[in-house]
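Here are a few exercises on charged contacts and pockets, each with a worked solution. Grab your viewer and work along.

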Amino acid sequence: MSAITDFFQKIQNQIVEIQTTINQIKTSWENFQKFWDLFFTLVPWEVLLLLIFSVILLSIFNSISPSTPKANLTVSVVLLSTLWLYFWGLFAKEVSYSKVIIASLYILIPLHAIGMGQWLYGIGKRMYWKKRRIAPKQWEAALHQVSLDYHEFMGKAHGFHNVIQENRESIQKEIERLEQSLQGIKGLLLQKKSMEMENKNTNV
């Protein structure tokens, strides 16, 4: 009798496990549907379609010019958007230019925003170091900067001594940095001199 009870208990346990698995699959599928519903409320389906075909076209352009992937993707998006508008105009009376433009911008803005951010970061970095060279706040920092720029200049000058003309722009940049550092030291000297004059006038 106990064997029969155990048998039916095992069957019942298996049924419960199957039901639990089915419920888990159902929950996962519902979450998957919710995710894509949310995704397509934020990103139109045209963007995903345009991106897929742009990536396919990008692989062709990259085989021709592998050093310009960003420009290749931009050309791919613009070309496909133009073809999209052209064929849409052939088969429909009204063409929604805004829909195509928005779909294109969904791809192009993030693509060029990264490059723009890197470009702005580079400008900010150069401005920071230029200001630090030209207007140092402490004498030790100014001397340290001159020493760094001098050794950088001498290292490149010695490294390029056989090909100076080919690398004159790089050497010129190092000279300009060294001149800026020296200008910073001159500025500190003038500040100290003016402070000493003010102190003398105050004491008198």
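**Exercise 1.** Work out whether K156 is buried, partly exposed or exposed, then find its salt-bridge partner.

*Solution.* Step one: K156 has a relative accessibility of 26%, so K156 counts as partly exposed (buried is under 20% relative accessible area, exposed over 50%, partly exposed in between, with a 1.4 Å probe and protein chains only). A quick note on ground rules: this is a predicted model, where local features need pLDDT of at least 70, side-chain atom pairs count only at pLDDT 80 or more, and totals for chains, interfaces and linings use all residues. Residues are numbered from 1 along each chain as its sequence is written, and side-chain values use heavy atoms, with hydrogens and water left out.

Step two: the partner of K156 is E174, with the closest N and O atoms 3.3 Å apart (a salt bridge is a side-chain nitrogen of Lys or Arg within 4 Å of a carboxyl oxygen of Asp or Glu). E174 is buried, at 3% relative accessible area.

Step three: place the pair. K156 sits in helix α5 (residues 139-159) and E174 in helix α6 (residues 168-203), 18 residues apart; helices are DSSP runs of H or I, at least four residues, numbered from the N terminus.

**Exercise 2.** Which residues belong to one network with E174?

*Solution.* Start at E174: its side chain also meets R177 in a salt bridge, 2.9 Å from N to O. These two are three residues apart in α6, so about one helical turn separates them. R177 is partly exposed at 30%. Put the shared partners together and you get a single network of K156, E174 and R177.

**Exercise 3.** Find what ties helix α2 to helix α4.

*Solution.* Searching the whole structure gives four salt bridges. One of them pairs E46 with K99, with 3.8 Å between the closest N and O atoms. E46 is in α2 (residues 45-64) and K99 in α4 (residues 97-134), so the pair ties together parts 53 residues apart in sequence. E46 is buried at 7%, while K99 is partly exposed at 37%.

**Exercise 4.** How do the residues lining the largest pocket divide by class?

*Solution.* First, list the lining: K125, R126, W129, K130, R133, K173, E176, R177 and Q180. Then sort: one is nonpolar, one polar and seven charged (Trp is among the nonpolar types; Asp, Glu, Lys and Arg are charged; types outside the nonpolar and charged lists are polar). Finally, check the helices: α4 gives the largest share, five residues.

Definitions and conventions. On a 1 Å grid over the protein atoms alone, a cavity is a set of points where a 1.4 Å probe fits but cannot get out, and a pocket is an open set with protein on both sides within 12 Å along at least five of seven lines; lining residues have an atom within 4 Å of a point.
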